[in-house]
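Colleague: Please take me through one part of this model in detail, the central strand pairing, and set it in the context of the whole chain. I would like the local detail kept plain.

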Amino acid sequence: MPKKTPMRRCVGCMEMKEKSSLVRVVKNKEGEISLDLTGKMPGRGAYLCKNEECLKKARKARRLEREFSMAVPAEIYDRMEADLKNDELADP
């Protein structure tokens with residue numbers, strides 16, 4: 001029997017996609033929010049497509065604030081956007 005592919009919903013475009021095609025955003029116990037490119041960091045997670053458009057949609061609709069039940073400062077969004085750009089450059 002073939003193994004099921006885990007699916008997750010992108011908080012930007014709200015589409016269900018394969019977990020491997022998404023990047024995890026994590027809030028740790030200290031309340032810090034960051035990109036989890038490995039997918040193994042401890043904490044509450046939300047998923048985004050690996051493009052800036054989904055991050056912009058999530059930012060505009062304040063979806064990460066709802067997912068994590070806290071305000072997300074603009075600096076964190078800016079840092080995540082820069083991390084996504086760096087990750088896109090690294091991927092062939």
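**Strand β3 and its surroundings**

Modeller: The protein chain exposes about 6,200 Å², of which carbon and sulfur atoms supply 52%. This is a predicted model, and everything below should be read as such. The protein chain holds five strands and three helices. In order from the N terminus, the elements are β-β-β-β-β-α-α-α. The radius of gyration of the protein chain is 13 Å, close to the 12 Å that the globule rule gives for 92 residues, so the chain is as compact as a globular protein of that length. Along the principal axes, its C-alpha atoms fill a box of roughly 45 × 30 × 25 Å. Of the 92 residues in the protein chain, 34% are buried. Counting contacts between residues at least 6 apart in sequence, 46% join residues at least 24 apart.

Now to the part you asked about. Strand β3 covers residues 22–27, and five of its six residues are buried, so β3 is largely enclosed by the rest of the structure. Here "buried" means under 20% relative accessible area. Strand β3 pairs with β5 (residues 44–49) in antiparallel fashion, through six bridges. Two positions show how the strands line up: V25 stands opposite A46 in β5, and R24 has Y47 of β5 as its bridge partner. Strand β5 is itself mostly covered, with five of its six residues buried.

Strand β3 also pairs with β4 (residues 33–36), again antiparallel, and here four bridges join the two. V26 of this pairing stands opposite S34 in β4. The link between β3 and β4 is a hairpin with five residues between the strands, and G31 in its turn has a positive phi of about 90 degrees. As background for reading these pairs, in a regular strand the side chains alternate between the two faces of the sheet.

The helices follow the strands along the chain. Between α1 (52–60) and α2 (63–68) is a loop that contains A61. A61 counts as partly exposed, at 23% relative accessibility. The C-alpha atoms of A61 and G12 are separated by 8.3 Å, although the two residues are 49 apart along the chain. R62 belongs to this loop between α1 and α2 as well. With a relative accessible area of 52%, R62 is exposed, and its phi is near 55 degrees, a positive value in a residue other than glycine.

Within helix α2 sits E65, which is buried at a relative accessible area of 12%. Leaving aside residues up to four places away in sequence, E65 touches M70, A71, V72 and Y77. Beyond α2, the loop leading to α3 (74–90) includes S69. S69 is exposed, with a relative accessible area of 67%. Its backbone has a positive phi near 55 degrees, in a residue other than glycine.

One last item concerns charge over the whole chain. There are 21 positive and 16 negative side chains in the protein chain, and the centres of the two sets lie 7 Å apart.

To return to your request: β3 is joined to β5 by six bridges and to β4 by four, with five of the six residues of β3 buried.

Note on methods: Residues are numbered from 1 along each chain as its sequence is written. This is a predicted model: local features need pLDDT of at least 70, side-chain atom pairs count only at pLDDT 80 or more; totals for chains, interfaces and linings use all residues. Side-chain values use heavy atoms; hydrogens and water are left out. The radius of gyration is taken over C-alpha atoms; the globule rule is 2.2 Å times the number of residues to the power 0.38. Buried means under 20% relative accessible area, exposed over 50%, partly exposed in between (1.4 Å probe, protein chains only). Contact means heavy atoms within 4.5 Å. Accessible areas come from the Shrake-Rupley method with a 1.4 Å probe; for residues, only the protein chains shown count as cover. Lys and Arg count as positive and Asp and Glu as negative; His and the chain ends are not counted. The place of a charge is taken as NZ of Lys, CZ of Arg, CG of Asp or CD of Glu. Two strands pair if DSSP finds at least two bridges between them.
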